[in-house]
Number of protein chains: 2
Amino acid sequence: MPRTQVLAIQVATGDSRPLSKQIVDAVRMKIATGELESGGKLPSVRGLAQQLGINPNTVAKAYAELGSEGWVESRQGLGLFVAPPRQRLSDDERERRLDDAIRHFVHEVVALDYPPQQALQRLDEALRVLIRKTA
Amino acid sequence: MPRTQVLAIQVATGDSRPLSKQIVDAVRMKIATGELESGGKLPSVRGLAQQLGINPNTVAKAYAELGSEGWVESRQGLGLFVAPPRQRLSDDERERRLDDAIRHFVHEVVALDYPPQQALQRLDEALRVLIRKTA
DNA sequence: AAAGTGTACTATGTATCGTAGTACACCATA
DNA sequence: TATGGTGTACTACGATACATAGTACACTTT
């Protein structure tokens, strides 16, 4: 039986993102970087809720989204486990959502009047964390 | 007296962004790229609302935000005009908001399992529109 | 005087988010 | 068998954001 991983996660109500999205982002990142290995067990809904000091329903909502996106799988009565890697979205959907993300970032750069080249460099550094795993 | 510019803008309820933000983004972009020159006059609140088929209050909200950010200025009874370029945000605020934007983009790349190098290249192309004006 | 300008209100309806409580089927173990 | 832990599915409430609707006011130009 896989051992439950600790999941060093922290959430903040002051964050611009909803609590459930903060959890989804954090778990997805840990899976993508390999910190959470395929087949590993996630903390229980009630356990993580108590650890974070938030409502169990909020954790359940985050877990439901991770499940619908194919990142985790649930075994009845046992818990949630990291799913094996697979294609999770259609190519069209991927392109559409990346376009949205690019548009969002460009508009923010414009709003801040931030030097584009410098912004690009900052983003390049932030993306390096992923290159090892995705390459 | 400056002539009212036409402002080729279109909004869509299907867009993920609120209507008011769509307007703010579009106007900011046109100012940043030089399509709207400093001192140019913007369409009236009621005029743009009719053109876009939305409520005047929504346009007023967008204009209010553009005003508070320093992109436009209002002259009593005359209308809204593009303000001269200036420093609009503190360096700390700029860095904080860019960090947010970077985090958002990275998380989206992870969620899509999109090749980071490819995403960076796509963003580089999207940012080229700004380089001419900002450089 | 009339029309057009930005701005400031109140009000209504819709949607999202987080919290709270309850309930159910499933599994492992004492 | 009984108990406790698992994910999941509901309902309900309050807070917030968003768009719409309507009204009103001070200002400027014609």
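# Group meeting: two protein chains on two DNA strands

Let's start at the DNA: helix 3 of chain A gives the most to the surface near DNA strand C, with three residues. Before I go on, please keep in mind that this is a predicted model.

Staying with strand C, there are 21 residues around it, and the closest are Pro18(A), Leu19(A), Asn57(A), Thr58(A) and Val45(B). So both chains turn up in that short list, with Val45 coming from chain B. If you look at what the protein touches on the DNA side, sugar and phosphate make up 69% of the strand C atoms that come within 4 Å of the protein.

Which elements build that surface? Two or more residues each come from helix 1 (19–32) and helix 3 (56–68) of chain A, and also from helix 2 (45–52) and strand 2 (79–82) of chain B. Sorted by class, the surface near strand C has eight nonpolar, 10 polar and three charged residues.

Now the individual polar contacts on strand C. The one to a base goes through Asn57(A): an N or O atom of the Asn57(A) side chain is 2.8 Å from a base nitrogen. Then there's the backbone of the DNA. The side chain of Lys61(A) has an N or O atom 3.4 Å from a phosphate oxygen of strand C. Chain B joins in with Ser74(B), where a side-chain N or O atom sits 3.3 Å from a phosphate oxygen of strand C.

Okay, over to strand D. Here 21 residues surround the strand, and Pro18(B), Leu19(B), Asn57(B), Thr58(B) and Gln76(B) come nearest. Of the strand D atoms within 4 Å of the protein, 70% are sugar or phosphate, and the rest belong to bases.

What touches a base nitrogen of strand D? That's Asn57(B), with a polar side-chain atom 2.8 Å away. For the phosphates, a polar backbone atom of Val45(A) is 2.9 Å from a phosphate oxygen of strand D, and the side chain of Ser74(A) puts an N or O atom 3.2 Å from a phosphate oxygen. The elements giving two or more residues to this surface are helix 2 (45–52) and strand 2 (79–82) of chain A, plus helix 1 (19–32) and helix 3 (56–68) of chain B. Helix 3 of chain B has the largest share, three residues. And the class split near strand D is eight nonpolar, 10 polar and three charged.

Next, how do the two protein chains relate? Chain A can be laid on chain B with an RMSD of 0.0 Å, by a turn of 180 degrees and a shift of 0.0 Å along the axis. The copies are therefore related as by a two-fold rotation axis. Which residue of chain A comes closest to that axis? Phe105(A), with its C-alpha at 3.5 Å.

Phe105(A) also takes us to the protein–protein contact, as one of the residues of helix 4 of chain A that touch helix 4 of chain B. Those two helices, residues 91–112 in each chain, pack at an angle of about 175 degrees, with their axes 10 Å apart. So they run roughly antiparallel to each other. Among the residues making the contact are Leu98(A), Ala101(A), Ile102(A) and Val109(A) from one side, and Leu98(B), Ala101(B), Ile102(B) and Val109(B) from the other. By class, that helix pair contributes 14 nonpolar, two polar and six charged residues. And 100% of the interface residues of chain A are also interface residues in chain B, so the copies meet through the same surface.

Last thing, the chain A fold. There are five helices and two strands, and from the N terminus on they run α-α-α-β-β-α-α. Along the principal axes, the C-alpha atoms of chain A fill a box of roughly 50 × 35 × 25 Å.

That's my bit, thanks.

How values were computed. Residues numbered from 1 in each chain as written. Chains lettered and ligands numbered in written order. Predicted model: local features only at pLDDT ≥ 70, side-chain atom pairs only at ≥ 80, totals over all residues. Heavy atoms only, no water. Axes fitted to C-alpha atoms, helices over the stretch in contact; angles between N-to-C directions. Helix = DSSP H or I, 4+ residues; strand = E, 2+ residues; numbered from the N terminus. Parallel < 35°, antiparallel > 145°, perpendicular 65-115°, else oblique. Contact = heavy atoms within 4.5 Å. Nonpolar A, V, L, I, M, F, W, Y, C, P; charged D, E, K, R; others polar. Polar contact = N/O pair within 3.5 Å; in protein donor to acceptor, adjacent residues only side chain to side chain. Least-squares fit on C-alpha atoms with pLDDT ≥ 70 in both.
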